[in-house]
Amino acid sequence: MAKRKLFPAFYNLYLDGRMPKQFKIIALGRAESNNELFRDYVKTNLLEFSRNKIASDEAYQQFALHIEHFQYNIDSEESYNDLKLELDRTDAIFGERANRLFYLSIAPSFISTISNNINKFSLAANPDQDRIIVEKPFGYNKVSAIELNQLLAKTFEEKQIYRIDHYLGKETVQNILAFRFSNIMFEPLWNNKFIDSVQITVAEEVGVEERGGFYEDTGALKDMIQNHLLQILTMIAMEAPTSLNADEIRDRKADVLKSIRRITPQEVDHYTVRGQYDTGFIKEKPVQGYHTEKGVAADSVTETFVAMKFYLDNARWQNVPFYVRTGKRLQEKQSSIVIQFKEVPHSTFSLGKDALAPNRLIINIQPAMDIRLQFMTKKPGLSLSLKPAEMVFDYFACSTQSPEAYETLLLDALLGDPTLFMRSDQVEEAWDVVTTIQETWEKDKSLVLHKYDAGSWGPEAANELLARQGHTWISNTHTDLKEKLTQW
């Protein structure tokens, strides 16, 4: 996390003039090192992972002077006392008491020790200046999430706690709010009178790689659905906030989570599909199945794919299905949202065997970053016949240097803006949405775990989930219409 995301984010913020004049990044590590060696380590990783590469050694050194390595043991009270002395020395050098931002990218089981010692040694005693970022997973289930919230509340006020979900820092996800609430042409259509269904896909080509042991205790439901996909769903489904105030926006998101219809144990098999990747081919190269990945049990029933259907019980979205799916070793990397509008009540055009292609609004989050509006138009020529067309807003056409999600989120945390971070009630409601599903999969051994070939779009059962209501998954969202135009 530090080498791939955090240091590149701080470096890019520094180059963009977004970091304060005085700042220090204290890198806590168990291993012995020194500032020179650690700064060289950071430099090596910036060359590989930063969107802005290092122009010269001299330019990098100006940034590197702000980095210090600090040998630290999570379980040692002496380490926390030494850290307090280091922070006090930093304040003396700065000539003022500095803001403090603690970043925890660790297993939830370690948070208790760290939080208690931060409290014991008064490392974050100023609620207006001190903050803590906590990476996912935030707990293992609803009970543990509540316990974790209560634990952090003993040391920090809620306004100090920043529960991070990096998907909310992505440009295209943030733009959903601007797109919806600043354009009158869309908001009047954003309801069950005009929208037929919503799809949210987060697909990955990669498998579990070296994280098999971690993934065995997690699975796709907890790793992706409970946080990333539900947070995207709240952005799509929320009511208009009265202002951009952080709590106002987070109130509206919490309302969405509360309105999601809870799935009973008897309904789990009807509303959900879980799968596990088998051997197959990714970009024509053979890859192994999940069972033979390092750290994975030979008889594992951990899901690497989830598809499910949600309903929101409120006036805006009643009876509109929200389909979500995520998986590893799928055909291509893709994160997208598809808003499919209803058919016209009566078509003036006689199309013979062809049907009108539905109007769709597609928001591609990654790797493509664009917004596509698909509609019908007349074919050029003498006859009055139709074909699909689309208008595209492409982020890459506007800028080749879009900030990374962690740059946005770290800057917001430094500035004390919690808008894009999850509040305690949001986390608990999100866990509540998936709790019954999680428990049923663990207890009911009769439920099928569907196998799917690596390089496919998942098990056939996921297609059947949508086919029951006449829907199909929209895959390859950035090339889908080009294929349709060839057919037409």
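Which helix lies across S3, S4 and S5? In this predicted model, the answer is helix H13, residues 405-415, which runs at about 150° to S4. Select that helix together with the three strands, and keep both on screen for the opening stop.

**The sheet beneath the helix**

With H13 hidden for a moment, the three strands can be followed as an open sheet in the order S3-S4-S5, paired in the parallel sense. Strand S3 (100-104) and strand S5 (161-163) stand at the edges, and because each has a single partner strand, one side of each is left without a neighbour in the sheet. Looking along the sheet, one finds neighbouring strands turned by 20° against each other on average, direction ignored. Next, select residues 130-134, which form strand S4, and add S5; the parallel pairing of these two strands extends over three bridges. One pair worth labelling is Ile133 with its bridge partner in S5, Tyr162.

**The nonpolar core**

Now leave the sheet and select Val198, Leu233, Phe310 and Phe322, which touch the most other members of the largest nonpolar core, a set of 125 residues. Helix H9, residues 219-237, supplies the largest share of this core, with eleven residues. In general, nonpolar side chains in soluble globular proteins tend to be buried together. To see the surroundings of one of these residues, centre the view on Leu233 and show its contacts beyond four places in sequence, which are Ile200, Val256, Ile260, Phe310, Leu312, Phe322 and Val324. Two of the residues selected at the start of this stop, Phe310 and Phe322, therefore reappear here as contacts of Leu233.

**Two acidic side chains**

Is Asp91 buried or exposed? Select Asp91 in helix H4 (residues 77-94); its relative accessible area is 12%, and because the cut-off for buried is under 20%, Asp91 counts as buried. Setting aside residues up to four places away in sequence, the contacts to display around Asp91 are Glu96, Arg97, Ala98 and Arg100.

The last stop is Glu428, which is found in helix H14, residues 424-443. Glu428 has a relative accessibility of 22% and counts as partly exposed. Which residues should be shown with Glu428, once its neighbours within four places in sequence are left aside? Glu428 is in contact with Lys142, Ile146 and Asn149. A distance drawn in the same view, from the C-alpha atom of Glu428 to that of Val143, should read 8.5 Å, although these two residues are 285 residues apart along the chain.

How values were computed: Residues numbered from 1 in each chain as written. Predicted model: local features only at pLDDT ≥ 70, side-chain atom pairs only at ≥ 80, totals over all residues. Heavy atoms only, no water. Pairing = 2+ DSSP bridges. Helix = DSSP H or I, 4+ residues; strand = E, 2+ residues; numbered from the N terminus. Axes fitted to C-alpha atoms, helices over the stretch in contact; angles between N-to-C directions. Contact = heavy atoms within 4.5 Å. Core = buried A, V, L, I, M, F, W, Y, C linked by side-chain atoms within 4.5 Å. Buried < 20%, exposed > 50% of the residue type's maximum accessible area, 1.4 Å probe, protein only.
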